[in-house]
Amino acid sequence: RRNMSIQREEFGRTREGERVSRFLIENRNGNRAVATDYGCALLELWIRDRDGNKRNVVLGYPDLEGYLNHGDFLGACVGRFGGWIQKGEVRLHDRSISLNKTDGKNHLHGGVRGFDKFIWKSEIQGNRICFSRLSPAGEEHYPGNLKVKITYEFTDQDEWILYYEAECDEDTICNLTNHSYFNLEGRNSPGILDHELQIHSELVQEDNEDGISDWHLFPVEGTSFDFRKAKKIKKDLFSDSIQLKYGHGYDHNFYLKPWGEMRQAAVLYSEESGIEMSVSTNQSGIQLYTANYLTGEAGNEKEPYG
């Protein structure tokens with residue numbers, strides 16, 4: 001049995017000539033995760049299927065150029081705020097904040113230059129990679145100097161673990177997440193419609209007609225959003241639900257009860273590969289997104305991701 005190892009190698013250079021690294025983490029099972037300090041993106045995640053063959057289960061680009069040129073946030077850390085903020089307007093106490101608008105009239109995933117478009121400081125600590133940066137006050141019009149630390153770990157139990165830490169010197173808005181697209185049949189397979197999904201949630205947030213979640217929760221019972229028992233993603237994806245029309249598919253936040261303790265939120269399974277993914281979190285929501293806005297750009301196998 002081999003020991004856990006992390007290798008660092010050059011991934012390319014930005015247009016300004018800055019060096020970008022990627023990190024290869026291989027566990028004792030011979031499975032491998034690959035991440036980069038550019039946007040803290042998860043580039044690859046190789047897992048063995050039922051026949052012992054390794055499959056890469058996250059979408060990605062073959063080189064740094066893909067991440068510099070394309071806007072699908074494949075595998076990236078998004079921030080300061082993951083998701084849409086309608087009209088880019090936020091109320092913070094008695095103060096109105098106008099954030100940069102990037103998605104028409106709205107603010108999306110941190111603005112013109114969100115966290116996915118920076119090279120982060122990196123440090124290897126045992127079987128972990130720690131990425132950090134200071135987001136200065138006024139960046140994309142967010143208040144306060146925000147120190148952010150993101151730690152990635154790939155264990156011998158095939159757990160891909162993400163730790164987020166953020167500290168600001170004044171009240172601000174912060175909603176960090178990872179934007180990986182998972183396909184448990186392998187990322188060059190046609191799609192995820194036959195994946196079986198279970199989400200431990202009784203309530204989901206409504207989208208408005210712009211596809212942006214508001215704070216109104218509705219019960220999943222009797223709707224296309226009831227994943228309390230595992231079902232294929234395609235089962236209700238093409239129903240006449242107005243919510244699916246607003247989101248162009250599933251693009252909704254499922255409520256998990258107040259944040260605090262770590263617990264299982266969802267389970268995804270591919271009968272074709274035999275690979276199962278369990279998602280645990282200590283947060284109060286999990287976003288289900290069926291890649292409704294993917295642009296069809298070529299991915300790692302030169303085939304377009306649809």
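In this predicted model, strand β13, covering residues 146-154, runs antiparallel to β14, and 9 bridges hold the pairing on record. Within that pairing, Ile150 sits across from Tyr164 of β14. Zooming out a bit, the two strands belong to an open sheet of 4 strands, laid out in the order β11-β12-β13-β14 with antiparallel pairing. The edges of this sheet are β11 (121-125) and β14 (160-168), each of which pairs on one side only. Going from one strand to the next, the twist averages 15 degrees.

A smaller piece of antiparallel pairing turns up between β8 (residues 89-92) and β9 (residues 95-98), this time over 4 bridges. Here Glu89 has Ser98 in β9 as its bridge partner. The two strands make a hairpin with 2 residues between them. His93 lies in the turn and has a positive phi of about 55 degrees.

Turning to charged side chains, the whole structure contains 19 salt bridges. One of them joins Arg22 and Glu9, with an N to O distance of 2.6 Å. This contact ties together distant parts of the chain: Arg22 belongs to strand β2 (residues 19-26) and Glu9 to strand β1 (residues 5-13), with the two residues 13 apart. Glu9 is not fully tucked away; its relative accessible area is 31%, so it counts as partly exposed, a class that lies between the 20% limit for buried and the 50% limit for exposed. The Arg22 and Glu9 pair is also part of something bigger than a pair, since Glu9, Arg22, Arg32 and Glu44 are linked in a network of salt bridges.

Next door in sequence, Glu10 has a salt bridge of its own, made with Arg19, where the closest N and O atoms are 3.0 Å apart. Glu10 comes out at 44% relative accessibility, so this residue is partly exposed as well.

A further salt bridge brings Glu271 together with Arg50, and the closest N and O atoms are 3.8 Å apart. That still qualifies because the cut-off for a salt bridge is 4 Å. The two partners come from distant parts of the chain, 221 residues apart. Both are in loops: Glu271 in the one between β21 (263-269) and β22 (276-281), and Arg50 in the one between β4 (42-48) and β5 (54-56). With a relative accessible area of 45%, Arg50 is partly exposed.

Definitions and conventions
Residues are numbered from 1 along each chain as its sequence is written. This is a predicted model: local features need pLDDT of at least 70, side-chain atom pairs count only at pLDDT 80 or more; totals for chains, interfaces and linings use all residues. Side-chain values use heavy atoms; hydrogens and water are left out. Two strands pair if DSSP finds at least two bridges between them. Axes are lines fitted to C-alpha atoms, for helices over the stretch in contact, and angles run from 0 to 180 degrees between N-to-C directions. Buried means under 20% relative accessible area, exposed over 50%, partly exposed in between (1.4 Å probe, protein chains only).
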